Amino acid sequence: MTSASTRSKRVLGLAAGTAVFALALAGCAPSTGGSTNSAGGGIIIGTTDKVTFLDPAGSFDNGSQTVQTQVFALLMNSKPGTAVVEPDLAAKAEFTSPTDFTVTLKPGLKFANGDDLTSSDVKFTFDRQATIADPNGPSYLLGNIASIDAPDDTTVVFHLKAANDQTFASVLSTAAGAIVDEEVFPADKVLPDADIVKAEAFSGQYQIKSYDFNNLISFEANKNYDGLLGAAKTSDVTLKYYTDASNLKLDVQEGNVDVAYRSLSATDVADLRKNDKVTVTDGPGGEIRYIVFNFNTMPFGATTPEADPAKALAVRQAAADLIDRQEIADQVYKGTYTPLFSYVPDGLTGATTVLKDLYGKDGKPDADAAKKVLDDAGVTTPVVLNLQYNPDHYGESSGDEYALVKSQLEATGLFTVNLQSTEWTTYSKERTSDVYPVYQLGWFPDFSDADNYLTPFFGADSFLVNHYTNDDVIAEIAKQATETDPAARQSEIEEIQAKVAADLSTIPLLQGSQVAVTGTDVKGATLDGAFKFRFGTLSK
Amino acid sequence: MRAAPFVLSTIIEEPMSTAVSPTIEPPLAGPAPRQRASRGGSTLWRYLVVRFLLIFPTVFILVSLVFFLMRITGDPLTTALGGKLPPDQLAERIHTAGYDRPILVQYFEFLGQTFTGNFGKSITDGQDISSLLLTHGTATLELAFYALIVAFIVGIPLGMVAAYFRDRWPDAVLRIFAILAYATPVFFAGLLLKLVFSVWLKVLPVAGRATTRTEIEFQSLPHPTGIYLIDAFQTGNPAVISDVLSHAVLPGLALGLLTAGIFLRLVRTNVIGTLSRDYVDAARSRGVTEYRLVRRHAFKPALIPIITVIGLQIAVLLGGAVLTETTFEWKGLGFELAYYLSKRDFVAVQGIVALLAVIVALTNFIVDIIAALIDPRVRY
């Protein structure tokens with residue numbers, strides 16, 4: 001007869017066996033780093049961005065552009081490390097009359113599939129953008145093109161509506177000018193990703209070898225590319241998509257990916273800076289974050305019962321006096337953003353520190369100055385500010401950022417801030433419907449030029465729709481856009497910023513920086529003012 | 001003499017049955033009865049045909065519900081693009097897409113497309129929904145498979161152990177474990193597992209279905225299935241197989257423990273119930289050991305309710321897959337569902353939900369068949 005203790009041992013043994021079986025499953029696992037490095041010696045890049053459409057006519061977002069930058073060539077481009085625009089597929093590009101911008105293509109250009117790349121493809125590309133005019137695409141950047149001629153295989157003439165458009169070369173260097181194959185792409189609709197890949201309709205430094213939508217894209221060097229960027233240093237590159245930035249951080253830390261590009265959290269970046277296994281590369285960022293005042297509905301705004309432009313200006317000035325940008329950059333963004341004291345960010349022609357000179361004290365808050373400006377204007381304190389921010393469009397840290405802004409404004413007792421948040425779809429509608437008196441916005445440039453930080457904000461058709469209008473500013477913005485003398489243009493850009501800073505339609509807060517984290521064996525990660533991350537510079 | 005049942009045994013004390021499962025008679029005493037042989041084949045067929053036909057109204061109701069619930073928030077284009085387009089352009093696109101037609105016209109068109117397997121294209125990224133379902137459905141089924149494996153190998157043996165040690169400390173520990181297993185939110189369990197095994201111990205991967213290099217290798221397969229375990233075997237590379245399995249452990253555990261807790265309680269209850277039957281007492285009086293009684297006489301009858309519970313658990317697993325897949329970047333239907341919900345792409349969402357409804361309905365049908373064939377308590 002079996003004793004009770006023996007029976008217990010048997011049953012416990014059964015349970016232990018089960019546990020062993022379960023662990024055996026895990027036991028066949030290698031360490032996190034994996035042991036399957038046999039699939040090739042290329043470079044693996046991880047990102048949390050997403051592609052929406054590969055077709056340049058159907059998208060204009062960071063995720064899609066990261067891929068488009070590699071596989072579609074441009075007439076004009078910038079070399080890695082600079083933001084200076086120069087010919088890419090073009091041999092020459094210049095104004096041949098005030099309204100004619102003539103591009104001469106290099107001879108013998110071909111797409112990856114062997115199709116000839118001629119001026120006809122170029123004309124087709126831009127006409128197609130205008131025809132499709134996808135709301136998510138970049139066609140709106142091409143509004144100055146009246147018509148295009150292709151008199152021969154290598155010559156393209158852009159007839160412009162406005163003369164001497166100094167931003168046009170920069171526009172050609174955006175995804176709006178990504179050259180597509182007229183033998184493959186339809187003229188009036190966006191081509192599905194799979195069809196583009198299947199037809200190998202690529203003109204850039206790389207072509208796509210295999211495409212698993214928003215999971216894995218394998219690139220290989222396009223031997224037919226003959227543009228500014230030259231041959232890629234590494235032929236095989238793989239782009240791996242992540243949803244959770246913390247997973248990307250762990251994988252780059254463990255060497256499962258060679259490069260992490262967009263978008264690690266500020267905390268993760270700060271942590272990785274201390275890690276010997278990786279190198280953190282920083283670069284200038286075009287992204288800016290700022291506060292917008294609605295000139296109608298802000299305190300003392302034009303449509304409020306106590307409307308008073310002078311008092312409204314004093315409220316804006318006092319707020320500008322109290323904001324501590326450095327504290328926000330350090331505490332919330334751990335240095336992944338830097339203080340922004342002008343409307344045109346650092347690194348671009350015309351950038352100044354005009355707000356540093358006008359408000360606060362040496363870039364730090366100045367409570368006395370804020371109190372004085374409110375007292376002088378006869379504003380009763382505390383001023384109640386209804387401040388709105390968005391938690392899902394400008395990053396998870398927006399909540400912390402605006403909590404700190406509230407704290408800074410309220411610290412002196414001059415303001416009482418009611419902080420509210422709204423999800424993006426509603427937010428984007430309500431901000432243009434005068435619902436928010438003071439609110440958060442962010443901006444990522446369409447192209448790397450000061451004009452892109454002025455015209456959309458303070459020009460005649462401002463997308464802010466905050467009821468701020470200054471005719472002098474509008475006139476000067478139009479003038480600088482056609483000023484052919486670079487020095488004169490720079491002076492005009494600085495003058496515009498001084499005027500806007502006096503009016504304070506918006507308060508710029510922070511300027512983003514680009515960050516790429518690479519394994520220590522990876523070389524060539526280059527982040528520049530063109531805001532394009534080129535895979536072709538990477539090597540191991 | 002046994003003590004009174006442990007006070008924690010209140011959640012699952014009787015075998016569970018599913019809403020769509022056959023009628024189950026009260027538990028019979030003794031082993032599988034001989035009366036099964038008397039059940040006519042034609043009756044069984046009629047039962048199965050009825051069950052099969054019930055799939056269609058079930059799916060129809062689910063799909064209709066999805067369609068109308070989605071439309072409560074407005075048309076898909078306004079939902080997805082409302083903040084990006086001027087009203088006139090938005091209206092033009094709505095008209096072009098046909099979303100300004102009467103709702104019933106759209107509904108019948110949607111039904112027609114759904115039953116022909118054409119779910120259209122996603123609004124935000126133009127992906128073919130049918131292809132998306134096929135690609136990501138395999139990932140979800142693979143995860144559900146792993147989860148069921150975990151549920152079986154954890155829940156059933158431990159349930160037997162708990163029954164064997166009824167009302168003693170191993171039983172108490174296992175019942176607390178069971179409660180924790182099915183009461184812990186799956187995303188929390190996932191994060192905890194990641195923290196321990198990936199971040200602290202560094203023995204298992206953080207996320208994904210395989211390393212990037214393995215996925216690259218899969219892309220070169222002549223006939224990839226999308227089921228990574230099969231694809232891994234196709235490569236014939238042990239490192240790749242190991243890589244795929246290692247990535248499956250944590251997601252499988254996170255999702256499988258949810259069901260394992262239920263299995264554990266169910267098996268325990270059924271084994272205890274069987275051990276109190278007359279025929280077991282008779283065997284015990286003949287000197288058959290407790291271990292043998294559990295293993296030989298109580299084990300098989302205790303498994304039968306598991307079959308019916310699986311029908312329900314598939315729905316639970318698919319629901320849990322949304323969180324598990326998101327936590328572990330397991331790019332299946334749940335992952336895509338969460339993504340397209342965040343993008344407010346309701347065309348994609350209704351396609352995914354419709355497929356999930358079909359999977360649940362079909363699974364329940366299969367479970368009904370199996371239950372009818374093996375469970376003597378099923379009447380038809």
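What span should the 36 residues of helix α5 (residues 129-164) of chain B have at 1.5 Å a residue, and how far apart are its end C-alpha atoms? The expected span is 52 Å and the end C-alpha atoms are 50 Å apart, which agrees; the expectation is 1.5 Å times one less than the number of residues. Helices (H or I, at least four residues) and strands (E, at least two) are DSSP runs, numbered from the N terminus.

This is a predicted model, in which local features need pLDDT of at least 70 and side-chain atom pairs count only at pLDDT 80 or more, while totals for chains, interfaces and linings use all residues. Residues are numbered from 1 along each chain as its sequence is written, and chains are lettered from A and ligands numbered from 1 in the order in which they are written.

**Stop 1: the helix of chain B.** Select H136(B), where α5(B) bends by about 25°. The bend is the angle between axes fitted to the seven residues ending at a residue and the seven starting there.

**Stop 2: an open sheet in chain A.** Select β4, β5, β7 and β6 of chain A: these four strands form an open sheet in that order, with antiparallel pairing. Two strands pair if DSSP finds at least two bridges between them. β4 (90-97) and β6 (145-152) of chain A stand at the edges with a single partner strand each, so one side of each has no neighbour in the sheet. From one strand to the next, the twist averages 20°.

Next, display β6(A) with β7 (residues 155-160) of chain A; five bridges join these antiparallel strands. Within this pair, D149(A) has V157(A) as its bridge partner. Then add helix α3 (residues 119-132) of chain A, which packs on the sheet and touches β5 (100-105), β6 and β7 of chain A. The direction of α3 makes about 165° with that of β6(A). Such angles run from 0 to 180 degrees between N-to-C directions, and axes are lines fitted to C-alpha atoms, for helices over the stretch in contact.

**Stop 3: two packed helices.** Select α8 (residues 309-322) and α11 (residues 367-377) of chain A, which pack at about 175° with axes 8 Å apart. They are therefore roughly antiparallel, a label for angles over 145 degrees. Residues in contact (C-beta atoms, placed from the backbone, within 7 Å) include A314(A) and A318(A) of α8(A), and V373(A) and L374(A) of α11(A). The contact comprises ten nonpolar, one polar and two charged residues. Here Ala, Val, Leu, Ile, Met, Phe, Trp, Tyr, Cys and Pro count as nonpolar, Asp, Glu, Lys and Arg as charged, and the others, Gly among them, as polar.

**Stop 4: strand β12 of chain A.** Select β12 (residues 278-293), which twelve bridges join to the antiparallel strand β17 (residues 506-519) of chain A. In β17(A), Q511(A) is the bridge partner of I288(A). β12(A) also pairs with β16 (residues 438-443) of chain A, antiparallel over six bridges, and there R289(A) is partnered by G442(A).

**Stop 5: backbone details in loops.** The peptide bond from R262(A) to S263(A) is cis, with omega near -10°; S263(A) lies in the loop between β11 (259-261) and α7 (266-273) of chain A. Move to P382(A), in the loop between α11 and β14 (383-389) of chain A. The peptide bond to P382(A) from T381(A) is cis, with omega near 0°. Finally, select N214(A), which has a positive phi of about 55° although it is not a glycine.

Notes
Contact = placed C-beta atoms within 7 Å. Parallel < 35°, antiparallel > 145°, perpendicular 65-115°, else oblique.
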